[in-house]
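Here is a friendly walk through one model, meant to be read with the structure open beside it. Take a look first, and then we will go from single residues to the whole chain.

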Amino acid sequence: MTREERLKSDPVWAAEYHRKARERQRKRMSDPVVYEEIKRKNRERAAAKRPPRVEVTHKACVTCKSVFPATTEFFGPKKQGRLKLTSSCKPCMAHRERERRKDPEHNKKHIAAVYRSLKKRLATDSEFRAAYKEKQAERRRKRRANPEYWERELAKDREWRKANWHRVKLYKHKCGALQVFHVMQRHAAKLKATPFWSEREAIAALYEEARRLTEETGIEHHVDHIVPLRGKNVCGLHVFANLRVITADHNKRKANKLIEELLAA
Ligand SMILES: [Zn+2]
């Protein structure tokens, strides 16, 4: 019986034979000289099989099949590969990305992944963290300087209040006492800030003007203290010169501290 025949007919012997063969192979490979020799031979064999390299000047996009010069002008850069270019052309890649972004599931995953890596880096790299904070602050400053941003935000706020009116109502109910306190505090501050020479009629006329504008335009108007009554650093007076009529939106947006920043500058 030849070895081939026995390997086919006797499974127990065959298993033992293969085990021994593997053992021999392992022993041979453990010698670094032999191992290097085998690797070199494999490389040579692979090189012999490979067709000769030609200078690649053009490349077909795998998506749209059009052929473009193989440069970063037409294909995105990539770390791997011989050409170090993406397999699809730039327009195809952009299209794919746009399509991907239409899928909310993908967006969620993508955003989650981005935040994960960002969090990791913020936790480990202090230099990056400082730079990141500065960048965020700059972006915030830019955003807040844009009046359109406030219009958008206030519109969002109005929408939210409309949709969640019951919550607003509940909050007002809960915080009613607190609100009364604030109103009274403001009232007291106003009284304190009213010097005896204040022009009561003129001020009353301003309030009347605000009411009239609200009625006529349908946009709520308030009487605003140009320098706030209860600022941190400065306290304005409740006098005619410190009052003006503005829209409610504008009034709400102008937090007390904003004007102080202006005065400090
Ligand atoms: Zn393409």
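Is K65 buried or exposed? K65 is exposed, as 9 other C-beta atoms lie within 10 Å. The terms work like this: a residue is buried if 20 or more other C-beta atoms lie within 10 Å of its own, exposed if 12 or fewer, and partly exposed in between, with C-beta atoms placed from the backbone.

Before going further, please keep in mind that this is a predicted model, in which local features need pLDDT of at least 70, side-chain atom pairs count only at pLDDT 80 or more, and totals for chains, interfaces and linings use all residues. Residue numbers start from 1 along each chain as its sequence is written.

**Two lysines in loops**

You will find K65 in the loop between β1 (58-60) and β2 (67-69). Its phi is near 65°, a positive value in a residue other than glycine. K84 also has a positive phi, of about 55°, although K84 is not a glycine. Most residues other than glycine have a negative phi. K84 sits in the loop between β3 (75-77) and β4 (85-89), and it counts as partly exposed, with 13 C-beta neighbours inside 10 Å.

**The chain as a whole**

The protein chain has 12 helices and six strands; these are DSSP runs, numbered from the N terminus, with helices (H or I) of at least four residues and strands (E) of at least two. Its radius of gyration is 38 Å, well over the 18 Å that the globule rule gives for 265 residues, so the chain is more spread out than a compact globule. Here the radius is taken over C-alpha atoms, and the globule rule is 2.2 Å times the number of residues to the power 0.38. Along its principal axes, the C-alpha trace spans about 125 × 50 × 40 Å. Buried residues make up 3% of the 265 residues.

The domain assignment gives domain 1 (3-49), domain 2 (58-100), domain 3 (103-144) and domain 4 (193-265); such bounds come from an automatic or database domain assignment. Taken over C-alpha atoms, the centres of domain 1 and domain 3 are separated by 53 Å.

**Three helices to inspect**

For each helix below, the end-to-end C-alpha distance can be set beside the expected span, which is 1.5 Å times one less than its number of residues.

| Helix | Number of residues | Expected span | End C-alpha distance |
|---|---|---|---|
| α4 (90-102) | 13 residues | 18 Å | 19 Å |
| α6 (126-144) | 19 residues | 27 Å | 27 Å |
| α7 (147-163) | 17 residues | 24 Å | 24 Å |

How many residues of α4 are buried? The number is zero, so α4 lies largely in the open. Helix α6 is hardly covered, with a count of zero buried residues among its 19. Helix α7 is hardly covered too, and the count among its 17 residues is zero.

**Two more residues to click on**

A113 is part of helix α5 (residues 104-124) and counts as exposed, with 10 C-beta neighbours inside 10 Å. The C-alpha atoms of A113 and Y171 are 36 Å apart, and their positions lie 58 residues apart along the chain when counted as a separation. H222 belongs to strand β5 (residues 221-225) and is partly exposed, with 18 C-beta neighbours inside 10 Å. From H222 to R100, 122 residues apart along the chain, the C-alpha atoms are separated by 48 Å.
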